[in-house]
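New to this one? Take a moment to turn the model around on screen before reading on.

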Amino acid sequence: MAFGAQESFPVMRPAVRETYGPADLSREPVFAGGFINFGYWRGIDLKAPLGEAERVRSQQDLYRRVLDAAAPLRGQRVLEVGCGLGMGCALALREHGPAHVTGMDIHPAQLGRAREAHARLLEEVPRRLEFEQGAAEHMPFEDGAFDVVVSVEAAQHFPDLVAFAQEAARVLRPGGRVAVASFFAADDAPARDEELARLLDTYAKGLDIARPVTALTDALTASGLSGARAESIGPQVWAGWDAWLSRLWAPDTWPRNFLRAYERRILDYYVVTARRP
Ligand SMILES: C[S@@+](CC[C@H](N)C(=O)[O-])C[C@H]1O[C@@H](n2cnc3c(N)ncnc32)[C@H](O)[C@@H]1O
């Protein structure tokens, strides 16, 4: 099995190890259905009472938004980087007809949960779905192994976006596409790290890393991919996420500050796409 540029497996950062290990973020009531993302809130009335069905749909719709950005997937080999419990891999198989989906995650506990959650599906379609341990910066795959690379709400944790972009470019075949959804700082002003750490615990604790979205688009371009572009999906993410949070968290508690950071224009949510020429 061929590996990327680095010799040894990158060390998992302690905040990632804890959050997705013993703490098992997927069990937090603000997430639902095995997904761990803020959601893409389209066609959901945010003024009506929100229940688990709406919450799950928002998270599925974030996947649909990213998979549509990477389409067509029919008959394609798809890699998801930071797959968590693999709910998005199963959705892709169900709805997009790819030939094969590989869910990769750095955390072995997440992969254990994914294999358990999809035990039946793995038996039913043994040659179309698999879960593998690997880091975004060091992927355990051959050059050109995939037609499509996607990632949903994981890139905010990647310590090295340049290495991720190089690996994404390496494992894509010529003509392959990448689509990444995540949140980024609005620009690279030095004050952003502190501002975000003051507002948001996950930045203060080092789980999320403040970088502008251009750090990713520039890295994809420098890795030889073409047409790298970032589209803001903030309007479909932040208001819905905050409306959902308001059931459990009072105003001014830390997660409610995601919306505040967006309104202050220091944070936004993007879908980033590029193609290997
Ligand atoms: C917020 S969860 C998102 C999970 C899933 N994509 C979803 O939307 O439900 C982020 C995932 O990224 C994984 N992750 C964090 N850093 C990573 C890295 N450097 N390489 C690969 N996966 C990573 C975590 O273990 C976690 O499962």
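What follows is a short tour of a predicted model, going from its sheet to its helices, its cores and two buried loop residues.

## The sheet

Let's begin with the strands. Seven of them form an open sheet in the order β3-β2-β1-β4-β5-β7-β6, and the pairing is mixed. Which strands stand at the edges? They are β3 and β6: each has a single partner strand, so one side of each has no neighbour in the sheet. On average, and ignoring direction, neighbouring strands are turned by 15 degrees against each other.

Two helices pack on this sheet. Helix α3 (residues 87-96) touches β1, β2 and β3, and its direction makes about 170 degrees with that of β2. Helix α6 (residues 161-171) touches β1, β4 and β5, making about 155 degrees with the direction of β5.

## A closer look at β7

Strand β7 covers residues 267-275, and eight of its nine residues are buried. On one side, β7 pairs with β5 (residues 172-185) in the antiparallel sense, over nine bridges. Strand β6 (residues 226-232) also runs antiparallel to β7, joined to it by five bridges.

Tyr270 is a handy residue to click on. Its bridge partners include Ser182, and Ser232 stands opposite Tyr270 too. A little further along β7, Val272 has Ala230 opposite it.

## Helices α2 and α10

Helix α2 runs over residues 52-69. At 1.5 Å a residue, its 18 residues should span 26 Å, and the end C-alpha atoms are indeed 26 Å apart. Plenty of α2 is tucked away: the buried residues include Arg55, Asp61, Tyr63 and Leu67.

Helix α10 (residues 234-245) has twelve residues and reaches 16 Å from first C-alpha to last, close to the 16 Å expected. Nine of those twelve residues are buried, among them Trp238, Trp241, Asp242 and Trp244. What do the buried residues of α10 pack against? The partners are α2, β5, β6, α11 (257-263) and β7.

## Two nonpolar cores

In soluble globular proteins, nonpolar side chains tend to be buried together. Here the largest nonpolar core has 63 residues, and those with the most contacts inside it are Leu196, Trp238, Trp241, Leu267 and Tyr269. Helix α10 gives the largest share of this core, six residues. A second, separate core of 29 residues includes Met104, Val149, Ala219 and Tyr270.

Leu267 is worth a click as well. Leaving out residues up to four places away in sequence, Leu267 touches a long list, including Phe183, Phe184, Leu196, Trp238 and Phe258.

## Two buried loop residues

Arg256 sits in the loop between α10 and α11. Is Arg256 buried or exposed? With a relative accessible area of 16%, Arg256 falls under the 20% cut-off, so it counts as buried. Its side chain makes a polar contact with the side chain of Asp242, at 2.8 Å. Setting aside neighbours within four places in sequence, the contacts of Arg256 also include Leu245, Ser246 and Trp249.

The other loop residue is His138, found between β3 and β4. His138 is buried, with a relative accessible area of 2%. Ten residues separate His138 from Val148 in sequence, and their C-alpha atoms are 17 Å apart.

Key
Residues are numbered from 1 along each chain as its sequence is written. This is a predicted model: local features need pLDDT of at least 70, side-chain atom pairs count only at pLDDT 80 or more; totals for chains, interfaces and linings use all residues. Side-chain values use heavy atoms; hydrogens and water are left out. Buried means under 20% relative accessible area, exposed over 50%, partly exposed in between (1.4 Å probe, protein chains only). Helices (H or I, at least four residues) and strands (E, at least two) are DSSP runs, numbered from the N terminus. Two strands pair if DSSP finds at least two bridges between them. The expected span of a helix is 1.5 Å times one less than its number of residues. Contact means heavy atoms within 4.5 Å. A polar contact is a pair of N or O atoms within 3.5 Å; within protein, one must be able to donate a hydrogen and the other to accept it, and residues adjacent in sequence count only if both atoms are side-chain atoms. A nonpolar core is a set of buried Ala, Val, Leu, Ile, Met, Phe, Trp, Tyr and Cys residues joined through side-chain atoms within 4.5 Å. Axes are lines fitted to C-alpha atoms, for helices over the stretch in contact, and angles run from 0 to 180 degrees between N-to-C directions.
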